[in-house]
Amino acid sequence: MAPANSPIEIDQLVDRRRLRRKLAFWRGLAALVLVGGVAGLGVWWAGDDFLPKSSAHVARITIGGLIRNERERLDLLDEIGKSGARAVIVTIDSPGGTVTGSEALYDGLRRLNEKKPVVAVVEGLAASGAYIAALGTEHIVAPRNALVGSIGVLFQYPNFTDLLKTVGVSVEEIKSSPLKAAPNGFTPTSPEARAAIEALVVDSYDWFKGLVATRRDISGDALASASDGRVFTAHQALPMKLIDEIGDERTARAWLAKNKDVSEDLPIRDWRTRRAGDEIGWLRGAAASVLTAMGFETLSRLVIDTAGSMMGQARLDGLLALWHPRPGG
């Protein structure tokens, strides 16, 4: 038996330490390769999204889902205005939203259009408030069967009066004036309250129609027909001057090349807000990312759209510029 601290034990200890160092080295190298591979895959997956903001490119932003508070997107528009983007493509697929949110988007796009050419491409739907946003661009392109229009304003509120009578519940209130907190849904709407709400709707509707008249150069009977609240296919909307061309993003690129001297060879860079999935944040974004990575891109989009619509609908209030078809209608 070898004595304590014998040369054999010392050699074994040295060998173990060398082995540990080698293992640590190879583990570290494997981790670096893995991180590099993931990063490389991310760059490949994102494509031109990793272009420097200062480089020459065509910026693309997306307006989808319900339009509400657009602070993040307005900041994004300002950032694009300071970037190296030579032009901006706004892809739209939205039923609209609040009047104030849509107005803010319109104003932001008009400010951006003072610096760079901006063109709208309707992917499927640009109705109500989304059409207000489209009016902020200088050229609107849509596929033949895309839906546009729904020029109008809506104020909706539930009335539970008959239900409360059925269950034997009454709501009492003390207020400073007859029109305070009217309508409230717990009592029949008075003629005075209905007239006050109608005045709000008419005022915003007149503003919307004036915007269409100015931006699309429509007036008289043509304006009346275009602004009766209906949606139109792009094929119908073209002779009504609600859009400029039938086509898609390639059509928009061709228009930019011909009219704004923006080369069709410039890469497109997608610009996105910093919020990862709006109200439900990281959870929705993470779920969508996992589904996409697994190859279920359609399901991923469904998660994003459904969650966003549900949360957005819960927060919509006030005057709406929203296409809201009734079930069965």
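Student: Which residue forms a salt bridge with Arg230?

Tutor: This is a predicted model: local features need pLDDT of at least 70, side-chain atom pairs count only at pLDDT 80 or more, and totals for chains, interfaces and linings use all residues. Residues are numbered from 1 along each chain as its sequence is written, and side-chain values use heavy atoms, without hydrogens or water. A salt bridge needs a side-chain nitrogen of Lys or Arg within 4 Å of a carboxyl oxygen of Asp or Glu. The closest N and O atoms here are 2.8 Å apart, and the partner of Arg230 is Asp228.

Student: Is Arg230 buried, partly exposed or exposed?

Tutor: Buried means under 20% relative accessible area and exposed over 50%, with partly exposed in between (1.4 Å probe, protein chains only). Arg230 has 43% relative accessibility, so its class is partly exposed.

Student: How many salt bridges does the count give?

Tutor: Asp248 and Arg250 make one, at 2.9 Å from N to O. Arg60, Glu249 and Asp270 are joined into one network by salt bridges that share partners. The count comes to nine.

Student: How many residues apart in sequence are the parts tied together by Lys241 and Asp217?

Tutor: Their side chains meet in a salt bridge at 3.7 Å, N to O. Lys241 is in the loop between helix H8 (234-237) and strand S7 (245-246), and Asp217 is in the loop between H6 and helix H7 (220-226), so the pair links parts whose separation in residues is 24. Helices (H or I, at least four residues) and strands (E, at least two) are DSSP runs, numbered from the N terminus. The separation is therefore 24.

Student: Which of the two, Lys241 or Asp217, counts as exposed?

Tutor: Lys241 has 39% relative accessibility, so Lys241 is partly exposed. At 59% the exposed residue is Asp217.

Student: What span does helix H3 reach from its first C-alpha to its last?

Tutor: H3 covers residues 99-113, with 15 residues. The expected span is 1.5 Å times one less than the number of residues. That expectation is 21 Å, and the helix comes close to it, reaching 21 Å.

Student: How far is Leu125 from Gly96, C-alpha to C-alpha?

Tutor: Leu125 lies in strand S3 (residues 118-127). Leu125 is buried, at 12% relative accessible area. Gly96 is 29 residues away in sequence, yet the distance in space is 9.1 Å.

Student: What is the phi of Ser128, and why does the value stand out?

Tutor: Most residues other than glycine have a negative phi. Ser128 sits in the loop between S3 and helix H4 (129-135), and is buried at 1% relative accessible area. Ser128 is not a glycine, but its phi is positive, at about 50°.

Student: Which residue in the loop between strand S5 (147-149) and H5 has a positive phi?

Tutor: The phi value is near 55°, in a residue other than glycine. The residue is buried, with a relative accessible area of 6%. The loop residue is Ser150.

Student: What is the accessible area of the nonpolar patch that includes Val171?

Tutor: Val171 is in the loop between helix H5 (161-167) and helix H6 (191-216), and counts as partly exposed at 37%. Patch residues have over 30% relative accessible area and no salt bridge; nonpolar side chains (Val, Leu, Ile, Met, Phe, Trp, Tyr) join within 5 Å, like charges within 9 Å. Areas follow the Shrake-Rupley method with a 1.4 Å probe, and for residues only the protein chains shown count as cover. Phe160, Leu163, Val167, Val169, Val171 and Phe186 together offer about 510 Å².
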